[in-house]
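Colleague: Before we start, could you take me through this model slowly and say what each term rests on?

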Amino acid sequence: MDKYKIIKMLVLLIAITIIAGGLLRMLQRNSMSLADYEKLNDSSGSAGAHSQDADTDDDINDSAADNYDAEDSTDAPVSSDQAPDSGSSGQDLSSEAEGLQNPLETVPPASLLTGASLNGSTQIDERITYEEGFYYEPISDNLRRYVTGISYPSVQTPTDDGSDTGTAGADAEAAPKISLDELRYVHILHYDFDGSPAEGELICNEYIAQDLVEIFYQLYCNEYRLERVLLIDEYDGDDTASMEDNNTSCFNYRVVAGSSSLSKHAYGLAVDVNPLYNPYITYGKDGTMNVSPSSGENYADRTVNFPYKIDEEDLCYKLFIQHGFTWGGSWNHSKDYQHFQKTKP
């Protein structure tokens, strides 16, 4: 036999022997005895290990649940599949959200206004409600007593001995041109200068009561700002003090400033709106200008733009004009930018 073939076969056998030995050692290293197998797979030991893992998981889950109950239950977002079904508090929240879109839902629960408190519910049978919070009604006996001697003159009545009685004494007029029966108490809502809903009240002639609740309702729906709307009696009937405080008002039995003629306010047929920013301006023969209230002088120049100015583009102006009122800002010889009045036929 060729020696080269013999050498080739020997090399091949040696290689096979080496590979086989390596494979055998690997198999021996990875194998285990029966005892080792039983020890590894002991049933009690296996169950115990699983039980310990389960207890650990349960403790973790219980801890997480406790944390959720204690902290996250109020703040955690609710997924769609966790959302409350019909009849749950979810519907209530929805109703409240819808209610916030209605400005009338902001009506204060109890009135702090003087007129509203004095009238109370005594006139409710004769109350005319336009919208919630916007109504008018006759003036109660309590409210009559409150305004008499302030915005309404005291009526002197003769006694048996011929003397006169009355809280206003010699200054009282014996026969006012308008009776309290012709006047109405008006309750409204408005937005103040902070943008917060507030109550307001006026006394007016019965003839314009419906106009006023409609006008002020539209102003409220448009969040038109009125700083305050209080009875002139809160200022002791002092028109200047009311204007200085930028109070929107109506009835006040008084004469026109600088004259002996009764004002339209004396008949409850005129309303002054945000008077500080919309002053009453008169002109002397020498060209001098008088501004009332005096603190409104900065707002006498109507060519300047500033907040709360009433002009022909203003919503308040448009609403009063639509309801048949005339505007003092249109007068020729004087300008009363706060003033709207209506003539009774």
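The conversation below goes through the burial, the cores, the pocket and the cavity of this structure.

Modeller: Please keep in mind throughout that this is a predicted model. The secondary structure of its protein chain comes to nine helices and 12 strands.

Colleague: Why is Ser242 called buried?

Modeller: Ser242, which lies in helix α8, has a relative accessibility of 1%. Buried means under 20% relative accessible area, so Ser242 at 1% counts as buried. Leaving aside residues up to four places away in sequence, Ser242 touches Ile232, Tyr235, Asn247, Ser249 and Pro275.

Colleague: And what makes Asn222 partly exposed?

Modeller: The relative accessible area of Asn222 is 47%. The class called partly exposed lies between the cut-offs of 20% and 50%, and therefore Asn222 with its 47% belongs to it. Asn222 sits in the loop between α7 and α8, and although Asn222 and Leu315 are 93 residues apart in sequence, their C-alpha atoms are 8.9 Å apart in space.

Colleague: How much of the protein chain is buried?

Modeller: Of the 345 residues in the protein chain, 35% are buried. The accessible surface of the chain comes to about 20900 Å², and 51% of that surface belongs to carbon and sulfur atoms.

Colleague: What makes a group of residues a nonpolar core?

Modeller: The residues must be buried, must come from a set of types that includes Phe, Leu and Tyr, and must be joined through side-chain atoms within 4.5 Å. The largest such core here has 36 residues, and Phe216, Phe320 and Phe340 touch the most other members. The elements that give two or more residues to this core are β2 (134–138), β5 (183–191), β6 (197–205), α7 (206–221) and α9 (315–322), with α7 giving the most, nine residues. In soluble globular proteins, nonpolar side chains tend to be buried together.

Colleague: Which residues does Phe216 touch?

Modeller: Not counting residues up to four places away in sequence, Phe216 touches Phe134, Ile188, Leu189, Leu202, Leu226, Thr248 and Val271. Apart from the largest core lies another one, of 16 residues, among them Tyr135, Ile139, Phe251 and Tyr253.

Colleague: Why is one empty space called a pocket and another a cavity?

Modeller: In a cavity a 1.4 Å probe fits but cannot get out, whereas a pocket is an open set of points, so the two names separate enclosed space from open space. The largest pocket has a volume of about 290 Å³, and of its 18 lining residues the closest to its centre are Arg254, Val256, Ala257, Tyr280 and Asp336. Both α8 (239–244) and β12 (339–341) supply at least two residues of this lining, and α8 gives the most, with three. Sorted by class, the pocket lining has six nonpolar, seven polar and five charged residues.

Colleague: How many cavities of 30 Å³ or more does the structure hold, and which residues line the largest?

Modeller: The structure holds one cavity of 30 Å³ or more, and about 60 Å³ of space lies in the largest cavity. Among the residues that line the largest cavity are Ser151, Glu201, Leu202, Asp233, Cys250 and Phe251. The lining of the largest cavity divides into seven nonpolar, two polar and two charged residues.

Notes. Residues are numbered from 1 along each chain as its sequence is written. This is a predicted model: local features need pLDDT of at least 70, side-chain atom pairs count only at pLDDT 80 or more; totals for chains, interfaces and linings use all residues. Side-chain values use heavy atoms; hydrogens and water are left out. Buried means under 20% relative accessible area, exposed over 50%, partly exposed in between (1.4 Å probe, protein chains only). Helices (H or I, at least four residues) and strands (E, at least two) are DSSP runs, numbered from the N terminus. Contact means heavy atoms within 4.5 Å. Accessible areas come from the Shrake-Rupley method with a 1.4 Å probe; for residues, only the protein chains shown count as cover. On a 1 Å grid over the protein atoms alone, a cavity is a set of points where a 1.4 Å probe fits but cannot get out, and a pocket is an open set with protein on both sides within 12 Å along at least five of seven lines; lining residues have an atom within 4 Å of a point. Grid points are joined across faces, edges and corners, and a volume is the space filled by probe spheres set on the points. Ala, Val, Leu, Ile, Met, Phe, Trp, Tyr, Cys and Pro count as nonpolar, Asp, Glu, Lys and Arg as charged, and the others, Gly among them, as polar.
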